[in-house]
Amino acid sequence: MFDLEQTIQDRHSTRKFLSQPVPRNLLDEALTLAQCAPSNSNIQPWRMVFAVGVRRDRLQEALLNQANQQLPNIPPLPEAFQHYRQELGVQVYGSMGIARDDKANRTQAVLRNYEFFGAPVIGIVCMHQDLGVADALSVGMYLQTLVLCLTARGLGTCVEVSLAGYPEIIRNELNIPPELLIICGLAVGYSDPDFPANHLHISRESVEKNVTFLDH
């Protein structure tokens, strides 16, 4: 049995992976456990497509080619929430020694998203287009369960919303049918222990900021 609290605390966004292959049995164990996640009316709306080896490399090449020509189609955060992304960038880029005004290195750091940070396994998280918010919540619970199961097995992960900015490239490269929405990517592999950003402990709001108790 794994220590759940320790696993939750150990989970973080890995931003550089080793080239070491991921044993398929570890992926299968985590995927089997993640199927136990709750879902609206038990419809289990999550759909995962994984790419490794040649298919992974072809997807990376196609994404990088597009990213070098056109910005991803990612809606901006509402103004009231933009500071979260800015604060995260300060922590992540700061740990990598990239200054705020260093546009060249910041651009290269952003492009690493489309290299999956070197992860040997990339998953694409999908959901049927006819489903709604409650079902997206179910997909989120599945993804968190999967990520924790992978963490407990010594694997690093990074949920990549940035990949959804080029849905047609992903759809074409991985033969994902048009009725499936592409929600995000999931990079999986062994974390590089020598990369400073892999040791970040990103700050969180206090519980009181996000939770309200009503007793009268």
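## Exercises on cores, sheet and cysteines

**Exercise 1. Which residues does Leu 63 touch, leaving aside residues up to four places away in sequence, and which elements build the largest nonpolar core?**

Solution. In this predicted model, begin with the side of the question that concerns a single residue: Leu 63 touches Tyr 114, Phe 116, Leu 163, Tyr 166, Ile 169 and Ile 170, when residues up to four places away in sequence are not counted. Next, place that residue in its surroundings, where Leu 63, together with Ile 124 and Ile 170, has the most contacts inside the largest nonpolar core, a set of 25 residues. Then turn to the secondary structure: two or more residues of this core come from each of helix 3 (53-67), strand 2 (121-128), helix 7 (167-174) and strand 4 (180-189). Helix 3 gives the largest share, with 5 residues. Finally, note that another core lies apart from this one; it has 22 residues, including Trp 46, Met 127, Val 147 and Tyr 190.

**Exercise 2. In what order do the 4 strands of the open sheet stand, and which of them are edge strands?**

Solution. The order across the open sheet is 1-2-4-3, with antiparallel pairing. From the pairing one reads off the edges, which are strand 1 (47-52) and strand 3 (156-160), each of them paired on one side only. From one strand to the next, the twist averages 25°. For the pair formed by strand 2 and strand 4, which run antiparallel, the count is 8 bridges, and within strand 4 it is Ala 187 that stands opposite Ile 122. As a last step, add the helix that packs on the sheet: helix 3 touches strand 1 and strand 2, and its direction makes about 95° with that of strand 1.

**Exercise 3. How many disulfides does the model contain, and are Cys 149 and Cys 184 buried or exposed?**

Solution. The test requires two cysteine sulfur atoms within 2.5 Å, and by this rule the count is 0 disulfides. Take Cys 149 as a worked case: the nearest cysteine sulfur belongs to Cys 36 and is 8.3 Å away, and Cys 149 is in no disulfide. The burial of Cys 149 follows from the cut-off of under 20% relative accessible area, because its own value is 11%. Cys 184 is likewise in no disulfide, the nearest cysteine sulfur, that of Cys 126, being 8.8 Å away. Its relative accessibility is 5%, so Cys 184 counts as buried.

Methods. Residues are numbered from 1 along each chain as its sequence is written. This is a predicted model: local features need pLDDT of at least 70, side-chain atom pairs count only at pLDDT 80 or more; totals for chains, interfaces and linings use all residues. Side-chain values use heavy atoms; hydrogens and water are left out. A nonpolar core is a set of buried Ala, Val, Leu, Ile, Met, Phe, Trp, Tyr and Cys residues joined through side-chain atoms within 4.5 Å. Buried means under 20% relative accessible area, exposed over 50%, partly exposed in between (1.4 Å probe, protein chains only). Contact means heavy atoms within 4.5 Å. Two strands pair if DSSP finds at least two bridges between them. Axes are lines fitted to C-alpha atoms, for helices over the stretch in contact, and angles run from 0 to 180 degrees between N-to-C directions.
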